[in-house]
Amino acid sequence: MKDLHGKEVVQSEFLKNFPDTRYMGSKRKLLPDLHKIFSQLEFTSALDAFSGTSSVSYLLKSMGKAVDTNDYLRFNYYTAKAIIENSKYKLSDEEVNEIIKFNPDKDNFIEKEFSDLYYSKLECRWLDSAMANIQFITNPYKKAIALSALCRACIKKRPRGIFTYTGMRYDDGRKDLKIELADHFSEAVKMLNASVLKTNETCKAHNQDIMGFKKTNYDLIYLDPPYFSLKSDNEYSRRYHFLEGLVSYWDHVEINRSTKTKKFDRPDSLFTSKNTIVTAFEELFDRFEKSALVLSYSSNCFPDAATIKSLIKNSGREVELIKIDYVYSVGTHSHKKDNQSNKVKEYVFLGL
Ligand SMILES: C[S@@+](CC[C@H](N)C(=O)[O-])C[C@H]1O[C@@H](n2cnc3c(N)ncnc32)[C@H](O)[C@@H]1O
């Protein structure tokens, strides 16, 4: 694998298995740089506190670390359970076929609520059927692979991979949009199966607001919080509410009927408001006071790098700042790839 400057870096052979992703803020492209950074630190246990797609957790796991993941969105938790906590189970072709085949006893919630919002009526009907079939999987890891693969299929089949708008107005004729959900699903299972990896350490996936996280005895915590900027919002559930609802068949969230997108109200997070974000960082640095800290950050964020530096210092750690050139190519700005305003410095703060 090459770093952002095209230089080949020493890399665990496992990393190439990590499923390619389209997720706002994913650090997949930065993994070679993060690998270099982690390689220079001595640690065994780590918490990826805002794990998202689990890309960084996967790097840490492939480096032989005992890694726990945490994300307050449940669909991210299932990916972590499938490829970080799981070191053994895969979905067989027969099991995939059982999920794909039409289930006449299915419920029709998705068809009723979401037809033609993000997918056609027929596609929604297939999602209802797939969810009904997935409920029969008793092994929690196989179930996690199935749910994670279903979310991945939904992202692939959705223009721009997000659910902030209804209809298909950003359909650019991409091949992925022409492929059936069931085929995307089978492909996703193959990728997830291929990334199941056994190491000597135990890994665990968590699903909660990090501000209430109780276990704190990690050698290292990796923090990749939603980047807060005064210009755009950093709220993940607004973009991915459909996937979050899907994994529990909308059992743990309530659709806000006054919204066209049928999203649910945003979960509370101290990281999504200008008034609370500084306190959030302070609390977090204190909560994990015994852990070395690796924080991903960006030059166009609030608060600025100087403030973050002093917050880390105030927590009793020595700070080092590493700068990486980076052009955003995911999320809602992907159409502006060449726009220099998307060229930001990606920072990594070390607090040791
Ligand atoms: C920048 S993304 C992490 C991306 C990840 N490193 C990757 O490579 O995919 C931030 C993540 O933090 C999660 N998040 C936001 N607020 C949170 C909170 N208070 N507690 C736990 N997770 C939170 C979001 O759901 C999102 O997945």
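A residue is called buried when its relative accessible area is under 20%, exposed when it is over 50%, and partly exposed in between. The exercises below apply this cut-off and others to a predicted model.

**Exercise 1. Decide whether each partner in the salt bridge between Lys262 and Glu113 is buried or partly exposed, and locate the two residues in the chain.**

Step 1. The side chains of Lys262 and Glu113 meet with an N to O distance of 2.9 Å, which satisfies the criterion of a Lys or Arg side-chain nitrogen within 4 Å of a carboxyl oxygen of Asp or Glu.

Step 2. The pair links distant parts of the chain, since Lys262 belongs to the loop between helix 10 (236–246) and helix 11 (277–287), while Glu113 sits in helix 5 (residues 109–114), 149 residues apart.

Step 3. Glu113 has a relative accessibility of 12% and therefore counts as buried, whereas Lys262, at 21%, counts as partly exposed.

**Exercise 2. Carry out the corresponding analysis for Asp68 and Lys215, and state what their salt bridge ties together.**

Step 1. The side chains of Asp68 and Lys215 form a salt bridge at 3.4 Å, N to O.

Step 2. Because Asp68 lies in strand 2 (residues 66–70) and Lys215 in the loop between strand 3 (204–206) and strand 4, the salt bridge ties together parts of the chain that are 147 residues apart in sequence.

Step 3. Asp68, with 5% relative accessibility, is buried, and Lys215, with 40%, is partly exposed.

Step 4. To place these pairs in context, a search of the whole structure returns 15 salt bridges, and Lys156, Asp172, Arg174 and Asp176 are linked in a network of such contacts. Within that network, the closest N and O atoms of Arg174 and Asp176 are 3.5 Å apart, and Arg174 is partly exposed at 25% relative accessibility.

**Exercise 3. Describe the setting of strand 5 (residues 292–298) and its pairing with strand 4.**

Step 1. Strand 4 (residues 220–223) runs parallel to strand 5, and 4 bridges join the two; Tyr222, for instance, has Val294 in strand 5 as its bridge partner.

Step 2. Of the 7 residues of strand 5, 6 are buried, so the strand is largely enclosed by the rest of the structure.

**Exercise 4. Identify which residues touch the most other members of the largest nonpolar core, and examine the surroundings of Phe185.**

Step 1. The largest nonpolar core has 79 residues, and Phe38, Phe114, Phe185 and Phe242 are those that touch the most other members. Helix 7 (residues 140–156) supplies the largest share of this core, with 10 residues.

Step 2. Once neighbours within four places in sequence are set aside, Phe185 is in contact with Val96, Ile99, Ile100, Trp126, Ala146, Ala149, Leu150 and Ala153.

Step 3. Apart from this core lies another, of 29 residues, which includes Phe213, Leu223, Tyr227 and Ala305. In soluble globular proteins, nonpolar side chains tend to be buried together.

**Exercise 5. Assess how compact the protein chain is, beginning with its helices and strands.**

Step 1. The protein chain contains 12 helices and 7 strands.

Step 2. Its radius of gyration is 20 Å, close to the 20 Å that the globule rule gives for 352 residues, so the chain is as compact as a globular protein of that length.

Step 3. Of the 352 residues, 57% count as buried, and among contacts with a separation of 6 or more, 73% join residues 24 or more positions apart.

How values were computed:
Residues numbered from 1 in each chain as written. Predicted model: local features only at pLDDT ≥ 70, side-chain atom pairs only at ≥ 80, totals over all residues. Heavy atoms only, no water. Buried < 20%, exposed > 50% of the residue type's maximum accessible area, 1.4 Å probe, protein only. Helix = DSSP H or I, 4+ residues; strand = E, 2+ residues; numbered from the N terminus. Pairing = 2+ DSSP bridges. Core = buried A, V, L, I, M, F, W, Y, C linked by side-chain atoms within 4.5 Å. Contact = heavy atoms within 4.5 Å. Rg over C-alpha atoms; globule rule 2.2 N^0.38 Å.
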